[in-house]
Structures are given as C-alpha cells and as structure tokens.
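Q: Please take a close look at one part of this model, namely the pairing of its strands into sheets and the helices that lie on them. The explanation should suit a first-year student.

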Amino acid sequence: MAFEPPPRLLRALGETPGGADTDDWLRNLPGRADEAVAGLGLTVERVQVPGGRSSLVLLVRRADGTPAVLKLVPPRSRPAGERAALAHWGGLGAVRLLDADAVPDGVLLLERLQRDVSVRSLPEAKSMLEAAGTLRRLWVAPPEGHRFETVAERTGRQAEAMRACADPDVTPLVDAALAARAELLADAPEDRLLHGTFRQSKVLAAERVPWLAVGPDPVVGECAFDLARLVRDRVEDLIATPSGAAVTRRRVKRLAESLDVEQERLRGWTLFRAVESGVRALRVGRAQDAELLLEFAGWL
C-alpha cells in the first residue's frame with residue numbers, strides 16, 4: 001500500500017527527537033501497515049487526514065464488511081499502555097478494542113466512530129457536560145499487578161524538563177507549578193485508571209452510545225489530574241474573552257462539583273499541566289501556543 005504519512009503526524013514527531021525507534025518506525029511504516037492489513041484480512045478505505053499527532057490512522061473494513069479503524073502507534077507513544085487500558089475498559093466509556101489477540105504489537109484495531117464529530121461540535125456548556133460524563137465512566141480501579149505509569153512518575157519526568165527552562169519570565173510559573181505538584185503528591189486521595197490526555201476532541205460520536213473516548217495515554221493516579229486538561233479546553237477562546245480569567249475559575253468550580261473532585265486539587269493540577277504544556281511548547285518553538293498556555297496558567 002503506497003501512502004505518505006499525514007503532515008500533521010510528521011510535524012509532531014519532528015518536534016521532539018524520538019531517537020532510533022521513531023526513525024525506524026517511520027521508515028518502515030508502509031510495510032508495517034501492509035503487514036497488519038494482510039494479517040487481519042482488512043480492506044483499506046483511506047488514511048485519516050489530518051489524523052492525530054501520535055499515530056497513523058487507517059479507515060478499514062474487516063472481512064465481513066464491518067467498518068473499523070487500524071491505528072499504528074510509534075513506541076514513544078506507549079501503544080502497549082493504550083491497548084491495556086482499552087482492554088480493561090472493555091468498551092465502557094471508550095472505543096472498543098477488536099481482535100486484540102490477533103493484532104501485532106504497536107497496532108490497534110478499533111471500532112469505527114465518527115472521527116469528524118467530537119463533543120467540541122456542541123455548544124460549550126453541553127460539550128463540557130458530555131465530556132465530563134464520559135470521563136467519569138473511565139475512572140475505574142486499575143487491574144491488579146498493572147504496569148501503567150503513575151501520575152508521580154509521569155509528572156516527575158515532566159518536572160525535570162520544566163526545571164531546565166531558562167526563560168526568567170517563566171520561572172515564577174514553573175516554581176508555582178512544581179510547588180503545587182509536590183503538595184498534591186504528598187496526599188493523593190485515590191488511585192484510578194485515568195485517560196491521561198483527556199480533552200473534548202478525544203470524545204467522538206458513536207453508534208452504540210452517543211459518545212466514546214479515544215486515544216488514551218493511560219496513567220494511574222487521582223481523578224483531578226485527568227480532569228485538569230479539560231479545564232483549559234478551547235483555551236484560545238478563553239484568552240480572547242475579557243472575562244476569561246473569571247470563566248476559568250468558574251469552570252474549575254463547576255467541573256470539580258460535577259465530578260466530586262476537590263476544587264483546590266483540580267486547580268493545582270490544572271496549573272501544573274498548563275505550565276508543563278507551555279514550557280514544552282516553548283522548547284519546540286511553538287511560541288504562540290506557549291504564550292496562550294502560560295497566560296492561562298497565570299489566571300490560576
């Protein structure tokens with residue numbers, strides 16, 4: 001099968017060096033796709049464009065004509081964790097994993113959702129309600145003996161990268177974010193299996209239920225960590241609004257109340273995750289994104 005990886009995927013993989021594993025994955029991607037398609041008896045309809053920033057998505061049909069999605073994930077995006085989380089959720093709140101035992105490593109075969117229709121298409125109040133309801137269904141106890149990364153481990157790596165930021169204008173926000181992380185980890189209230197990268201665009205329209213989550217980067221920890229990314233959804237709209245800071249604080253309060261999460265913990269993780277994303281954007285040259293994220297973090 002001849003194809004070019006979507007430009008969006010190539011840009012994202014090029015922003016941060018992924019080493020020999022990522023180079024090898026890209027170089028051999030057409031062959032890996034052909035092997036998976038042949039081995040699973042699939043017919044390819046097309047490559048999903050613009051697609052995601054961390055995987056190649058093919059729209060396919062199974063031998064019986066059922067529509068499905070074939071997803072090829074580079075090693076740096078932890079495909080084994082995504083597969084394990086989807087298997088544990090078993091289609092409750094998240095996209096359903098298909099033919100799990102027959103699919104090779106680094107490949108996922110998934111039920112087909114309406115990839116062009118996410119909850120972002122709804123009015124904001126409704127989209128937040130639907131997204132929060134979907135997220136609640138994912139917060140379950142992790143499987144015994146799990147090998148998922150923990151919030152402490154993931155944010156520990158992120159914290160090291162944040163400390164390396166040399167921009168003196170950003171230092172006060174970095175210090176505040178790191179202090180919030182230390183305080184939050186000192187008395188984490190629960191361990192749940194979390195989506196890890198949840199936002200409105202990760203909730204797609206489905207047939208068997210109205211909305212299902214896709215694309216987890218699973219992690220185990222407290223629920224407030226998972227909810228924090230949702231707080232800053234549509235950040236560009238918030239920044240453009242004169243009352244953006246007040247809207248953000250109300251959003252923290254409403255989401256915390258609706259999902260039984262302590263408001264101050266949600267505020268703290270929202271601060272940490274916004275600063276971490278802003279510093280990362282600075283590091284890879286996305287100055288406009290960094291400016292939005294760091295201004296948002298300053299409101300918290």
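A: The answer below begins with the basis of the description and then treats each sheet in turn.

This is a predicted model, in which local features need pLDDT of at least 70 and side-chain atom pairs count only at pLDDT 80 or more, while totals for chains, interfaces and linings use all residues. Residues are numbered from 1 along each chain as its sequence is written, and side-chain values use heavy atoms, with hydrogens and water left out.

Strands of a sheet pair through backbone hydrogen bonds, either parallel or antiparallel. Here, helices (H or I, at least four residues) and strands (E, at least two) are DSSP runs, numbered from the N terminus. Two strands are said to pair if DSSP finds at least two bridges between them.

One open sheet consists of 4 strands in the order 1-2-3-4, with antiparallel pairing. Its edges are formed by strand 1 (43-47) and strand 4 (107-111), each of which pairs on one side only. On average, neighbouring strands of this sheet are turned by 30 degrees against each other, direction ignored. For such angles, axes are lines fitted to C-alpha atoms, for helices over the stretch in contact, and angles run from 0 to 180 degrees between N-to-C directions.

Strand 1 and strand 2 (residues 56-61) run antiparallel and are joined by 4 bridges. Within this pairing, V47 has L58 in strand 2 as its bridge partner. Helix 3 (residues 29-40) packs on the sheet and touches strand 1, strand 2, strand 3 (67-72) and strand 4; contact means heavy atoms within 4.5 Å. The direction of helix 3 makes about 145 degrees with that of strand 3.

An open sheet of 3 strands, in the order 5-7-8, is also paired in antiparallel fashion. Strand 5 (114-118) and strand 8 (211-213) stand at its edges with a single partner strand each, so one side of each is left without a neighbour in the sheet. From one strand to the next, the twist averages 55 degrees.

The pairing of strand 5 with strand 7 (residues 203-205) is antiparallel and rests on 2 bridges. S118 stands opposite L204 in strand 7. This sheet also has a helix lying on it: helix 5 (residues 124-138) lies across strand 7 and strand 8, and runs at about 55 degrees to strand 8.
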